[in-house]
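I opened my notebook and went through one structure piece by piece. Here is what I looked up, in the order I looked.

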Amino acid sequence: MLCLVLKGRALLCSLLLLGAWPASSTEEVFSEQELQEYLSSSPASKASLVHFRREASLSADVFLEQLEKSIAALREYGISVLKVSCHREGTLGYCREERSVGKAYLFKGHVLIREFPTDALFSVDAIVANVLFALLFNEVKYIATLEDLQNLENAIRGQSGLVFAYVQAVGTAEHRVLMEAAFVYGSLYRFAVTTEVTLLKSIRDEKSDIPASKLFFCHCQVATDPGQPCRRTPMEQPLTTLNVHKFLKLMGEPLVMEIMADPEKVSTVHLQLGLPLIFILTQKETLEADRRTAEFVAWRLLGRAGVILLSRGAAGLDFLLRYNVAVKTTAEGVKYMVLKDTEEIIALVEGNKQGGPVPENVEEEEEEDADESYEQEIQDDQVVESIVRDRKHELPLGRIQTLTEESFSSALAASDWMLLLFYASWEAVSLVVMQSYVEVAARLEGSPGISLARVNCWDWPHVCAQQNVTHFPTLKSYEKGGRTLTYSGTWGTEAMARFIELIQTPSPVKLTTPGEVEEYLSGKSPRLSPGVSVLGLFDASMRDEKEAFMEAAAALSGSIVMGIYCEEDATLLANQYRVPLPAVLLAGPEGSRRETIHLPKSSTQDMAGLIRRALLEPFPEITVENLPEYFQLQKPLLILFSSGSMSQGDEQEMRLLAREENPQSFLACWLNLENTPVGRGILRAYFGSPLPPLPLLVWVSPHAGGQVFAFPSGQSITKASVLSWIEKLESGLEVPSATLPDEDWKPRLPAYDFLSRMKPPLPEFTIYSWQSSQQEENVAVHGEDKAAEGREDPVEDPSRAELETEPPTGRDLRGTAPRLAGREKQAKRHLEL
């Protein structure tokens, strides 16, 4: 008894016929009458190959030799081999007919189903192939044209896969291998064969010599579009029994498996067959996108490697967050890697990778590269230096939700108030800001109604373009069903936390009684955070001015919470504060009055600018954070440099200067070197070394000639003496101590071209949506990137058009870890730009 078993299920169990042709020779023969009796008693499914021998000849002897060699092979499939001697008694029809000369007959039970010329059965391979082909004529179709193949694919679409092979001729060893595979796997797949070279060329685009054979697996079971051919995966190895068995076993495996287990404990058919396993690391926020990435890689590597989607949330896993790919082989175990794009995975499996995915010491090797100039490497950038210094420190990003193109809209709809940081994972400033953002998230943990999220614009450029994000980083607040506000402050933790606190308070706050107005101006209102109070006063007839003020308050939300009073007694309240309507009152902490602004009719933008300028300190301490606000006033700066706090006398005189009748002529300010150490570098640039004694009063005209004057050290700082000195230097009677160079303030190196870097040539790991990337694909194919035309398809498919019409699924490992390209040297990227 013979049982062929596939996947635990017996496909064939048949009893060999006792009394049939002996296993070792053909000496025992039947008479024709004995044959008829034997066939009549055989089951209807029993197959027998019969040869009627009439007279000896050289060609007949050669055939009989091959026939005897085929007995054992045919027996494996329950097929008997019988010889009938026409010289024995009882000769009947077949022995008498001349047409039986040089023939062999295939019976099923007692029914003749096929006759073969013996010259077609020239070898064991030819005998087995032709007999099985005849028995499986309903299961194995012969295909002559491309139309025949497409019709067969359409007939089984959504039901079964198709195993299709080209062989040079029927009866070859390759034909036998296919028929034997069809005998075993026929209950799982449909089979087809062709000997037409033109058909092979039409589906394979052959430019080299036509191979002896070629086998394809057509994935019709997953095909949905009737107008497109089934995706076809070629078997790269020669058409042998072992190779076909391995290939079909792999085709029966899931395209992508998803696990939450330790890769060290994972074993699949691929490993058992000596093939590598590719693990693409994913997380909850990017699961859908990473699944498409894994499917793209799986199609490219189908039959050569297994692809598994591994969740980072799996218990017991211990690997750095920067890794995005793991590879497991039987020889080397599991290795975690940082790869750039899908092409590096393909190259890794094919053994001709372009860039080495070094698991542990990639940074060390890059640091040893001495070919880059020092200028390019450090770029004189303290931000980049801090990133390099802390490159192995992983941020706790668990409190910050990661958004993708798929989850962006739904996340905004589900949140009452969302803070969203748009950044690029490879860009230094973005990474520094992310540290502050993490600290803000820790402060707000548990706060109801507000959530923090992030979008990597390098991975999801379409999302950032839709949100009008043109530079990195950008922080925006989204109120459910309401306004969107862009943060314009500094990137420190305190400043961002202050912004978040202020945007949650409605602005302007409507005040309804004079008592509430007084509490607001004195800073005692519990509803508002402390700071400068801004109050708008309007009567009922001032609708346009009131509307402009309310719009300005909304525009300044996040910087200041403003109040508004527009009751019937607004005129009485204005008379109390001695201001004409409409007006804006500004009061400092504890009710200290600062300024009153009369509001003429103006636009929202003008009113917002007027209020913003009024909020500036009259005598500010200049810091790195607030210098841009005061610098844009384009006034000469009268700066008092001090080491620590000012003396009471100097402070009093400087404040008198700040309240000078003509405050538009200059800005009086001071700079504390202890709080702002960069001031020492400024003084060194003005006066060289050693530094002059402090305190030192300096006049700087950065917008007009760049002249720097130092107040005479022998004079005391008083309002009168300083004003007299200013008159002299404006009249040209004073000699400047230094002159600022007349050149643009630029970085040493060209700026990064962010937009060009956000359009990588396909295919890469970047998973654009079909709609958002269709236009970019056309540019890549028909525009400057001519190399895209010759790029290898995921499978050697009959038609490139078939694959090009499908959505360009996963090309980038986005979101699985920090951007893969982030491991490149910053200097190298800069050189490319």
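**Entry 1: two residues with positive phi**

I started at Gln634, which has 59% relative accessibility and therefore counts as exposed, as the cut-off for exposed is over 50%. Before going on, I noted for myself that this is a predicted model. Gln634 sits in the loop between α24 (627-631) and β27 (637-642). Its phi is near 60°, a positive value, and Gln634 is not a glycine.

I then checked Arg578, where phi is near 60° too, again positive in a residue other than glycine. Where is Arg578 placed? I found Arg578 in the loop between α22 (570-577) and β25 (583-587). With 78% relative accessibility, Arg578 counts as exposed.

**Entry 2: the whole chain**

Next I stepped back to the totals. I have 31 helices and 31 strands down for the protein chain. The chain has 833 residues, and 48% of them are buried. I also looked at the contacts with a separation of 6 or more: residues 24 or more positions apart account for 73% of these.

**Entry 3: cis peptide bonds**

Which residues does a cis peptide bond join? One such bond links Ser689 to Pro690, with omega at about -5°. Pro690 belongs to the loop between α26 (678-687) and β29. I found another cis peptide bond between Leu694 and Pro695, and there omega is about 0°. Pro695 also has its place in the loop between α26 and β29.

**Entry 4: Ser701**

I moved along to Ser701, in the loop between β29 (696-700) and β30 (707-710). Is Ser701 buried or exposed? Ser701 has 12% relative accessibility, and buried means under 20%, so Ser701 counts as buried. I looked for what its side chain does and found a polar contact with the side chain of Trp699, at 2.9 Å. Leaving out residues up to four places away in sequence, I listed Pro636, Gly706 and Gln707 as the residues that Ser701 touches.

**Entry 5: Ala261**

Ala261 is in the loop between β12 (257-259) and α10 (269-272). I put Ala261 down as partly exposed because its relative accessibility is 32%, and partly exposed lies between the cut-offs of 20% and 50%. I then compared Ala261 with Ser311: they are 50 residues apart in sequence, and their C-alpha atoms are 8.2 Å apart in space.

**Entry 6: α7 and its two partners**

Helix α7 took me a while, as I looked at its packing with α5 and then with α9.

I took α5 (residues 124-135) with α7 (residues 173-185) to begin with: they pack at an angle of about 40°, and their axes are 8 Å apart. That angle is not under 35 degrees and not in the 65 to 115 range, so I wrote the pair down as oblique. The crossing of α5 and α7 is left-handed. On the α5 side, the contact is made by Val124, Asp125, Val128, Ala129, Leu132 and Phe133, and on the α7 side by Ala173, His175, Arg176, Met179, Glu180 and Phe183. Sorted by class, the contact of α5 with α7 has eight nonpolar, one polar and three charged residues.

Then I turned to α7 with α9 (residues 241-251). Their angle is about 40° and their axes are 10 Å apart, and α7 and α9 are therefore oblique to each other. What is the handedness of the crossing where α7 passes α9? I noted a right-handed crossing for α7 and α9. From α7, Val177, Glu180, Ala181 and Tyr185 meet Thr241, Val244, His245 and Leu248 of α9. I sorted the residues of the contact of α7 with α9 into five nonpolar, two polar and one charged.

**Entry 7: α25 and α27**

My last stop was α25 (residues 648-658) with α27 (residues 719-730). Their axes come within 9 Å and cross at roughly 50°, which makes α25 oblique to α27. The crossing of α25 and α27 is right-handed. I listed Glu653, Leu656 and Leu657 from α25 and Lys719, Val722 and Leu723 from α27 as the residues making the contact. By class, the contact of α25 with α27 has four nonpolar, no polar and two charged residues.

Methods
Residues are numbered from 1 along each chain as its sequence is written. This is a predicted model: local features need pLDDT of at least 70, side-chain atom pairs count only at pLDDT 80 or more; totals for chains, interfaces and linings use all residues. Side-chain values use heavy atoms; hydrogens and water are left out. Helices (H or I, at least four residues) and strands (E, at least two) are DSSP runs, numbered from the N terminus. Buried means under 20% relative accessible area, exposed over 50%, partly exposed in between (1.4 Å probe, protein chains only). A polar contact is a pair of N or O atoms within 3.5 Å; within protein, one must be able to donate a hydrogen and the other to accept it, and residues adjacent in sequence count only if both atoms are side-chain atoms. Contact means heavy atoms within 4.5 Å. Axes are lines fitted to C-alpha atoms, for helices over the stretch in contact, and angles run from 0 to 180 degrees between N-to-C directions. Angles under 35 degrees count as roughly parallel, over 145 as roughly antiparallel, 65 to 115 as roughly perpendicular and the rest as oblique. A crossing is left-handed if the near helix is turned anticlockwise from the far one by less than a right angle, and right-handed if clockwise. Ala, Val, Leu, Ile, Met, Phe, Trp, Tyr, Cys and Pro count as nonpolar, Asp, Glu, Lys and Arg as charged, and the others, Gly among them, as polar.
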